[in-house]
Every structure is written in structure tokens, then in C-alpha cells.
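Here's a quick tour of a protein fold, written for someone who'd rather look than calculate. Have the viewer open and follow along.

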Amino acid sequence: MRVGILGSGLIGGKLGVLFAKAGHDVVFSYSRSAKKLLKLAREAGHNARAGTPREAARDADALLLAVHWSRVDDVLKQAGDVAGKVIVTCSLPMSDDDTALVIAHTSSGAEALANKVRRARVVSAFGTVPSEVLFGVFKRRRRSARPSLLYCGDDPGAKRVAVRLIRDIGFDPVDAGPLRIARFFEPFTLLIAQLAYEGKRGPELAYRFEWLGK
């Protein structure tokens with residue numbers, strides 16, 4: 001598939017590299033540094049290149065949205081028309097100072113995104129795993145025992161695209177249901193992030209917590 005990365009930061013950059021190594025054609029976009037985009041493309045190999053959000057979106061079979069909530073409108077504006085596109089989002093609706101979710105309980109960031117791009121097909125995935133374990137999981141992807149990864153969405157075709165991406169990087173996809181289920185696992189995702197970045201064993205604890213949660 002052709003995968004456009006809208007937000008080539010910590011998790012977007014790593015997932016883009018893995019998508020390319022799994023055989024997909026990847027365009028990295030939307031980073032504070034053009035040099036970083038070029039570095040990611042080199043690391044990913046011949047299946048990847050750097051580009052603008054519009055270039056990332058133009059011929060994409062799937063778009064990974066991985067930006068801070070405060071930059072969602074900007075990256076979507078730069079991407080242009082995303083009608084009919086599959087958008088796989090792992091962006092949490094965090095406040096500007098990253099202290100709390102600004103959308104929760106009665107809605108979710110995934111649902112708010114779907115309202116912004118009503119003609120796109122939104123799936124929520126890749127949030128419930130710390131980025132530190134992604135490369136390790138990818139290296140062990142041929143094993144029969146694979147860690148699980150939640151996803152949710154309303155469009156069956158878009159969910160099939162997300163399933164392929166999830167499997168290709170080494171996880172067992174678990175369908176959590178319709179997009180509104182993101183109301184429940186976005187707070188869970190925030191807990192995973194807090195575990196992952198607090199203390200020396202944070203990433204290990206977060207990974208094990210998610211894996212045992214199956």
C-alpha cells in the first residue's frame with residue numbers, strides 16, 4: 001500500500017519506518033525539521049521518501065495521523081482533500097501543556113477527527129503501545145505469539161486496512177468495535193503513556209500491562 005505519514009515525530013516516524021520495511025511505500029511529512037524527514041526516509045530504505053503533507057496524502061491508500069492535537073487542523077489543511085481516504089489516527093486530544101485530555105467521556109479525539117473530515121474513513125489504532133517497543137515487536141513478528149493491539153472504527157474497509165498495517169509490524173489486531181469505543185481506550189492510552197515515560201522500567205511495564213490486558 002501507499003502510506004502517508006502526517007506527523008513524523010516519535011511514533012509517526014517509527015511506524016513509518018516499519019511500514020516501509022514491511023514493504024509499503026511511505027511518504028514522511030510534517031516535521032519541524034526537513035533534515036529529520038530525509039533521515040527517516042534513509043533509515044526506512046528504498047520504499048520511503050520525504051515530502052509535504054499534500055504529497056503524503058495525494059496517492060495514499062492510508063494516512064497515519066500522528067500529531068499533537070493542537071496541530072491537527074494545520075496538518076489537515078496542508079494535506080488538502082482527504083475525501084475517501086483511510087485515516088488511521090493515534091493522536092490523543094491532549095491540552096497544550098499535555099496535562100489532560102481535552103475531549104473525553106462523551107466523545108473522543110477519534111470521533112472529533114471524524115467530524116472534521118466527514119468524507120474520510122477514520123480508524124483509531126497504534127495508541128495503546130509505547131513507541132519504545134515497536135522495533136522489538138517488528139523483529140519478532142514471525143513468531144506465533146504476538147502482542148495484541150486495539151483498533152476501532154465504523155468503516156469495515158478502513159478497518160481492514162488498519163488490520164493489515166497492524167499485522168505487518170508484528171501485532172495481533174483486536175477489533176474493539178465502533179469508533180465511539182475510542183472514548184474508553186483513549187484514557188487507557190494516556191495511562192500507557194504515563195507508565196512508559198515514568199521511571200527506568202516504564203516502557204517495559206507499559207508493554208507488559210498492555211500485553212497482559214489481552
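What follows walks through the sheet, then two of the helices.

## The sheet

Keep in mind that this is a predicted model. Its sheet is an open one built from 8 strands, and reading across you get β3-β2-β1-β4-β5-β6-β7-β8, with mixed pairing. The edges belong to β3 (48–50) and β8 (172–175); each has a single partner strand, so one side of each has no neighbour in the sheet. Going from one strand to the next, the twist averages 25°.

Want a spot to zoom in on? Try β2 (residues 25–29), which runs parallel to β3 and pairs with it over 3 bridges. F28 has A50 in β3 as its bridge partner. As a general point, strands in a sheet pair through backbone hydrogen bonds, either parallel or antiparallel.

## A helix on the sheet

Helix α1 (residues 10–21) packs on this sheet. It touches β1 (2–6), β2, β3 and β4 (62–65), and its direction makes about 160° with that of β2.

## The buried side of α4

Which residues of helix α4 (residues 72–79) are buried? They are V72, V75, L76 and A79. These residues span an arc of only 100° around the axis, so they sit on the same side of α4. The spacing fits a familiar rule: an α-helix has 3.6 residues a turn, so residues three or four places apart point the same way.

As for what covers the buried residues of α4, the list includes β1, α3 (53–58), β4 and α5 (109–116). Just past the end of α4 comes G80, with a positive phi of about 85°.

Notes
Residues numbered from 1 in each chain as written. Predicted model: local features only at pLDDT ≥ 70, side-chain atom pairs only at ≥ 80, totals over all residues. Heavy atoms only, no water. Pairing = 2+ DSSP bridges. Helix = DSSP H or I, 4+ residues; strand = E, 2+ residues; numbered from the N terminus. Axes fitted to C-alpha atoms, helices over the stretch in contact; angles between N-to-C directions. Contact = heavy atoms within 4.5 Å. Buried < 20%, exposed > 50% of the residue type's maximum accessible area, 1.4 Å probe, protein only. Arc of directions from axis to C-beta.
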